[in-house]
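Work through the following exercises with the sequence and the model open. Each task is followed by a solution in steps.

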Amino acid sequence: QVQLVESGGGLVQAGGSLRLSCAASGRTFSLYAMGWFRQAPGKEREFVAAISWSGGSLYYADSVKGRFTISRDIAKNTVYLQMNSLKPEDTAVYYCAAAHPRGRSWRSWYAIQGEYDYWGQGTQVTVSS
């Protein structure tokens, strides 16, 4: 089992920055990748960014490319999401997720929520205009 705890959410003005953290504990050695998803009010949860635990592969949603950066610190078992140039439409609950290996190319499933095995409780990000 793996436990995920997010932190770093809050209220920020448009154009500002926030850094989210996701601390993993438990059987982290068995993980293949971690991702961030978000859910805005009245909308479905959507993919934001993902990183392989080795750090060799990164993926971003088109809506956040150039503004958000995902990274990880293996020594701390922590994944970060640096969010710059925030917009009101970035307002959402942000969830951290972790996945075991799937035996097929990660390119085929990195953005699919159902492929992730563990989820955090979520952290609220609110961007005011």
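**Exercise 1. The loop between β9 and β10**

Is Arg102 buried, partly exposed or exposed, by its relative accessibility?

Solution. The model is predicted, so local features need pLDDT of at least 70 and side-chain atom pairs count only at pLDDT 80 or more, while totals for chains, interfaces and linings use all residues. Residues are numbered from 1 along each chain as its sequence is written, and side-chain values use heavy atoms, with hydrogens and water left out.

Step 1. Take the classes: buried is under 20% relative accessible area, exposed is over 50%, and partly exposed lies in between (1.4 Å probe, protein chains only).

Step 2. Arg102 has 24% relative accessibility and therefore counts as partly exposed.

Step 3. Look for a charged partner. A salt bridge is a side-chain nitrogen of Lys or Arg within 4 Å of a carboxyl oxygen of Asp or Glu. Arg102 forms one with Asp117, at 3.0 Å from N to O. Both residues lie in the loop between β9 and β10, so the pair ties together parts that are 15 residues apart in sequence. Asp117, at 33% relative accessibility, counts as partly exposed.

Step 4. Do the same for Arg104 and Glu115, whose salt bridge has its closest N and O atoms 2.4 Å apart. This pair also has both members in the loop between β9 and β10, so it ties together parts that are eleven residues apart in sequence. Glu115 counts as buried at 16% relative accessibility, and Arg104 as partly exposed at 43%.

**Exercise 2. The surroundings of β9**

Find the strands that pair with β9 and state how far β9 is enclosed.

Solution. Step 1. Strands (E, at least two residues) and helices (H or I, at least four) are DSSP runs, numbered from the N terminus. Two strands pair if DSSP finds at least two bridges between them.

Step 2. Strand β4 (residues 33–39) pairs with β9 in the antiparallel sense over seven bridges. One residue pair to inspect is Trp36 with its bridge partner Cys96 in β9.

Step 3. β9 also runs antiparallel to strand β11 (residues 123–128), with three bridges between them; here Ala92 stands opposite Val125. With strand β10 (residues 118–119), β9 has two bridges, again antiparallel, and Ala98 stands opposite Tyr118.

Step 4. Seven of the eight residues of β9 (residues 92–99) are buried, so the strand is largely enclosed by the rest of the structure.

**Exercise 3. The nonpolar core**

Which residues have the most contacts inside the largest nonpolar core, and which element gives the most to this core?

Solution. Step 1. A nonpolar core is a set of buried Ala, Val, Leu, Ile, Met, Phe, Trp, Tyr and Cys residues joined through side-chain atoms within 4.5 Å.

Step 2. The largest such core has 42 residues, and those with the most contacts inside it are Leu4, Met34, Trp36, Leu81, Met83, Tyr94 and Tyr116. β9 gives the most to this core, with six residues.

Step 3. Contact means heavy atoms within 4.5 Å. With neighbours within four places in sequence left aside, the contacts of Tyr94 include Trp36, Leu81, Met83, Phe68, Val125 and also Arg38.

**Exercise 4. The disulfide**

How many disulfides does a search of the whole structure find?

Solution. Step 1. A disulfide is a pair of cysteine sulfur atoms within 2.5 Å. The search finds one.

Step 2. The disulfide joins Cys22 to Cys96, with S to S at 2.0 Å. Cys22 is in strand β3 (residues 18–26) and Cys96 in strand β9, 74 residues apart, so the pair links distant parts of the chain.

Step 3. The torsion about the S-S bond of Cys22 and Cys96 is about -80 degrees, so the disulfide is left-handed. Both Cys22 and Cys96 are buried.

**Exercise 5. A salt-bridge network**

Which residues are linked with Arg38 in a network of salt bridges?

Solution. Step 1. The whole structure holds seven salt bridges. One of them joins the side chains of Glu46 and Arg38, at 2.7 Å from N to O.

Step 2. Arg38 has a relative accessible area of 6% and is therefore buried, whereas Glu46, at 36%, counts as partly exposed.

Step 3. The network consists of Arg38, Glu46, Arg67 and Asp90.
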